[in-house]
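Colleague: Would you please take one part of this model and examine it closely? I am new to the structure and should be grateful for a connected account.

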Amino acid sequence: MHLLKQPLLRTSKLYARIRKLSSNLSAPINLSKKTTLTLHPLLMRFDKLPTPLPRIQQLLTDPTNIATIQPTNEHIDWIALHLVSTIQDHPKLLNQLLPALLKNPQFVRIVIQAAIFESIQLITSPDFSTIDGKFTRRRLSILGKLLGNLTFKMNKVIQGRFLDLKQLLLYAFSQGKLLGVVPFVAEMMCVASPSFYPPNPY
């Protein structure tokens, strides 16, 4: 039985308020703040990176090599992006790679930037909010866990110029993408502190 068709509601001011509220919910969302999601110029370098020689690619076959990767390596960006993609494909590798990764803080900085680049690519993909986009949203959640382990869990912040979480949530709200963006942000928070787990409403 439809609630709004009940006689008591139709004859009261409550019915008018509920009807007005329901019509407002179906209206387009217009936010006063900017709701676009842009890629920082420094992150654009990860787009269309040249593939290095096979000997460089073999560096990532052994997780212990991660600690020895030097920031001066000319293929450092490719290595970082490849590592991010590998973790998305095989999430269980994250816990295995973290100890070696954290021993190389300069490389971690590049990995964080590569993960943010990949995150924005996923969020802005056409199928992100569709039924077929569940694989894309899952990969984004994995990136949230990776970023959380490399930043918040280590008492480090994510630079707002690369990824502004508040702006990201506003963008997701205005574009109907909260379904995938909220789990992404939640993964970052949850690995940092058990306080973010349920029943904490935040």
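Modeller: The lining of the largest pocket receives its greatest contribution, 6 residues, from α6; helices are DSSP runs of H or I, at least four residues, numbered from the N terminus. The model is predicted, with local features requiring pLDDT of at least 70 and side-chain atom pairs 80 or more, while totals for chains, interfaces and linings use all residues. Residues are numbered from 1 along each chain as its sequence is written, and side-chain values use heavy atoms, without hydrogens or water.

A pocket is an open set of points on a 1 Å grid over the protein atoms alone, where a 1.4 Å probe fits, with protein on both sides within 12 Å along at least five of seven lines; lining residues have an atom within 4 Å of a point. Altogether 13 residues line the largest pocket, and Arg109, Ile112, Thr151, Val157 and Gln159 lie nearest its centre. Its volume, the space filled by probe spheres set on points joined across faces, edges and corners, is about 210 Å³.

α6 itself spans residues 105-123. Of its 19 residues, 15 are buried (under 20% relative accessible area, 1.4 Å probe, protein chains only), so the helix is largely enclosed by the rest of the structure. The buried residues of α5 pack against α6, as well as against α4 and α7.

The largest nonpolar core (buried Ala, Val, Leu, Ile, Met, Phe, Trp, Tyr and Cys joined through side-chain atoms within 4.5 Å) has 50 residues, and those with the most contacts inside it include Phe107 and Ile116. The largest share of this core, 12 residues, again comes from α6.

Methods
Contact means heavy atoms within 4.5 Å. Helices (H or I, at least four residues) and strands (E, at least two) are DSSP runs, numbered from the N terminus.
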